[in-house]
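Trainee: Before accepting the labels attached to a model, I should like to see each one set against its criterion. May we proceed in that manner?

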Amino acid sequence: PALMQRIHSRHQATLYEDAFSPLCMIAKNNAEADGIMRILEEHCASVPHLTAVRNDIYARLSHADYHKGAVAAEAARVLGISIQEIFVAGDHLNDLPMLDRDAAGFIAAPSNAIPEVRQKVASQGGYLSPLPCGHGVLDALQHFLPSL
């Protein structure tokens with residue numbers, strides 16, 4: 001409650017909780033989301049295993065080990081396949097944990113991906129599609145299919 005009050009006193013964002021997070025927010029714009037993220041990250045630094053996950057103007061608190069990269073690794077384990085057989089594509093901040101060679105062997109981003117995602121994919125030797133959105137994901141799949 002104190003954290004929610006702190007955010008409410010400085011910002012106009014919609015704050016709520018759901019079954020998966022004690023604090024979720026929808027900011028009015030990215031500048032407001034940036035300010036709220038600074039507050040959330042400061043709070044998370046004082047709570048073990050807590051992180052703030054952001055996607056554009058939406059963010060939520062989460063356990064630090066619950067992210068898309070962990071999901072990719074768990075999918076590989078459950079399916080009995082190597083992480084190197086996993087394909088992932090992302091375009092925003094919440095995708096960063098899975099855009100890593102520790103989570104997937106085939107990594108891609110469409111042309112509409114934010115700069116941080118494009119940089120991460122490039123640093124991992126992934127494929128940066130010249131096409132946006134789903135067309136970029138399809139292009140990436142076609143790029144990797146000869147490798148499979």
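The exchange below takes up the labels in turn.

Mentor: Let us begin with the overall frame. This is a predicted model. The protein chain holds five helices and seven strands, and from the N terminus on its elements run α-β-β-α-β-β-α-β-β-α-β-α. Its C-alpha atoms fill a box of roughly 55 × 30 × 25 Å along the principal axes. Of the 148 residues, 37% are buried. The accessible surface comes to about 8400 Å², and 57% of that belongs to carbon and sulfur atoms.

Trainee: What makes a set of residues a nonpolar core, and which residues have the most contacts inside the largest one?

Mentor: The members must be buried residues of the nonpolar kinds, joined through side-chain atoms within 4.5 Å. The largest such set has 16 residues, and those with the most contacts inside it are Leu3, Ile7, Met25, Ile36, Leu40 and Leu61. Two or more residues each come from helix H1 (2-10), strand S2 (21-26), helix H2 (30-45) and strand S4 (58-63). H2 gives the largest share, six residues. Apart from this core lies another, of 14 residues, including Ala76, Ile86, Leu99 and Val121. As a general matter, nonpolar side chains in soluble globular proteins tend to be buried together.

Trainee: Which residues does Leu61 touch, once its neighbours within four places in sequence are left aside?

Mentor: Leu61 is in contact with Leu3, Phe20, Ser21, Pro22, Leu23, Leu40, Cys44, Leu50, Thr51 and Ala52. Two of these, Leu3 and Leu40, are also named with Leu61 among the residues with the most contacts inside the core.

Trainee: How do you know that S3 and S4 are paired strands?

Mentor: Pairing requires at least two bridges. Strand S3 (residues 50-55) and S4 are joined by six, and they run antiparallel, so the criterion is met. Along S4, Leu50 stands opposite His63 and Val53 opposite Arg60. The hairpin of S3 and S4 has two residues between the strands, and Asp56 takes a positive phi near 65° there. S2 and S4 likewise qualify, with three bridges in the antiparallel sense; Ile26 stands opposite Tyr58 in S4.

Trainee: Why are S5 and S7 called edge strands?

Mentor: The open sheet of three strands has the order S5-S6-S7, with parallel pairing. S5 and S7 each pair on one side only, which makes them the edge strands. S6 and S7 pair over two bridges in the parallel sense, so their count just satisfies the requirement of at least two. Ala109 stands opposite Leu128 in S7.

Trainee: Why is the pair of Phe87 and Phe144 called edge-to-face?

Mentor: Two tests apply: the ring centres must lie within 6.5 Å, and the planes must be over 60 degrees apart. Phe87 and Phe144 stand at 6.1 Å centre to centre, with 70° between the planes, so both tests are passed. Phe87 lies in strand S5 (residues 87-89) and Phe144 in helix H5 (residues 133-144), so the pair ties together parts 57 residues apart in sequence.

Trainee: What makes Phe87 partly exposed and Phe144 buried?

Mentor: Buried means under 20% relative accessible area, and partly exposed covers the range from there up to 50%. Phe87 has 25%, so it is partly exposed; Phe144 has 10%, so it is buried. Phe144 also forms an edge-to-face pair with Tyr127, at 6.3 Å centre to centre and 75° between the planes. That pair links distant parts of the chain, with Tyr127 in strand S7 (residues 127-128) and Phe144 in helix H5, 17 residues apart. Both Tyr127 and Phe144 are buried. The count comes to three aromatic pairs, and ring pairs link Phe87, Phe106, Tyr127 and Phe144 into a cluster.

Trainee: How do you know whether Asp95 is buried or exposed?

Mentor: Asp95 lies in the loop between S5 and strand S6 (106-109). Its relative accessible area is 4%, so Asp95 is buried.

Trainee: What makes the approach of Asp95 to Asp91 a polar contact?

Mentor: The atoms must lie within 3.5 Å. The side chain of Asp95 reaches the backbone nitrogen of Asp91 at 2.9 Å, so the distance test is met. Leaving aside neighbours within four places in sequence, Asp95 is in contact with Lys68 and Gly90.

Definitions and conventions: Residues numbered from 1 in each chain as written. Predicted model: local features only at pLDDT ≥ 70, side-chain atom pairs only at ≥ 80, totals over all residues. Heavy atoms only, no water. Buried < 20%, exposed > 50% of the residue type's maximum accessible area, 1.4 Å probe, protein only. Helix = DSSP H or I, 4+ residues; strand = E, 2+ residues; numbered from the N terminus. Contact = heavy atoms within 4.5 Å. Phe/Tyr/Trp six-rings, centres within 6.5 Å; stacked < 30°, edge-to-face > 60°. Polar contact = N/O pair within 3.5 Å; in protein donor to acceptor, adjacent residues only side chain to side chain. Areas by Shrake-Rupley, 256 points an atom, 1.4 Å probe, with all protein chains shown as cover.
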